[in-house]
Amino acid sequence: MSELKILHAADLHLDSPFEGLGAAKAAQRREEQRRLLHRIAQLAEEESVDIVLLAGDLLDSDSTYAETAEALASALGSISAPVFISPGNHDFYSPRSPYARVKFPENVHIFKNPTPECVALPKLNANVWGAAFCDKYSAGMLGGFAAADGTGAKNIMCIHGEVGGASNYDPISETEIAASGMDYIALGHIHKESGLKKCGSTYYAWPGCPEGRGFDETGEKTVSIVELSDSGCRLTPVCIASRRYEILPVEVTGCD
């Protein structure tokens with residue numbers, strides 16, 4: 001296959017506490033968050049994507065409501081394409097995390113180690129690489145990493161991290177991106193969409209969070225449809241949010 005179509009999402013932060021709201025409104029917002037999962041699954045089917053990449057912080061913590069974990073497994077299981085999850089700093093992989101306790105469908109692969117590993121998809125002529133946070137913080141996971149693949153397959157990575165500068169959250173340099181041997185790196189952690197970027201021959205992006213949770217996450221929020229081919233890469237942001245936060249200036253001069 002010379003072209004791959006990918007759905008790339010991250011940072012849903014399911015079961016956020018919504019501490020600024022009363023109990024009833026907070027519960028309503030958490031239920032609205034769960035519906036995002038089904039809209040992601042619906043979009044994957046509508047777009048006939050080949051791969052779904054979920055780059056971390058799908059959950060806000062390891063204290064997840066049972067119905068949320070069930071909704072996550074159910075929604076991902078309804079997707080025809082293989083789904084890959086790279087746990088982030090909020091939903092890091094551990095023996096007590098929902099990723100270890102919940103039975104996920106066979107089409108879902110969860111990366112469980114901080115060292116990048118590869119899952120080959122020969123029918124798609126693609127390799128999906130990924131790694132996981134195993135604690136709240138992580139040293140750089142791509143230091144010294146480069147994919148050695150002579151098959152001509154597309155190399156794609158799903159990882160949660162922060163590009164540029166010092167960080168406690170998997171710091172990734174542009175030099176490491178260029179040396180990775182990846183065709184596309186699907187990132188999470190930053191809640192504002194980056195647009196398509198490129199270092200060397202490697203394209204990369206983070207989609208931002210798919211729905212704002214407060215007035216520190218204003219404006220339209222999106223997931224990304226990525227089309228990767230031998231001739232390049234195209235990224236289309238898609239809004240699936242049911243709510244949008246905005247801060248609006250109001251002119252009150254001369255008003256009572």
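Visitor: In S4, which residue is the bridge partner of Phe-84?

Guide: This is a predicted model, in which local features need pLDDT of at least 70, side-chain atom pairs count only at pLDDT 80 or more, and totals for chains, interfaces and linings use all residues. Residues are numbered from 1 along each chain as its sequence is written, and side-chain values use heavy atoms, with hydrogens and water left out. Strands are DSSP runs of E with at least two residues, and helices are runs of H or I with at least four, both numbered from the N terminus; S3 and S4 run parallel and are joined by three bridges. The partner of Phe-84 in S4 is His-109.

Visitor: Which strands stand at the edges of the open sheet?

Guide: Six strands form this sheet with mixed pairing, in the order S4-S3-S2-S1-S13-S14, where two strands pair if DSSP finds at least two bridges between them. Each edge strand has a single partner strand, so one side of each is left without a neighbour in the sheet, and these strands are S4 and S14 (232-238).

Visitor: Is H1 roughly parallel or roughly antiparallel to H2?

Guide: The axes, which are lines fitted to C-alpha atoms over the stretch in contact (heavy atoms within 4.5 Å), lie 9 Å apart and make an angle of about 5°, on a scale from 0 to 180 degrees between N-to-C directions. Angles under 35 degrees count as roughly parallel and those over 145 as roughly antiparallel, with 65 to 115 roughly perpendicular and the rest oblique. H1 is therefore, relative to H2, roughly parallel.
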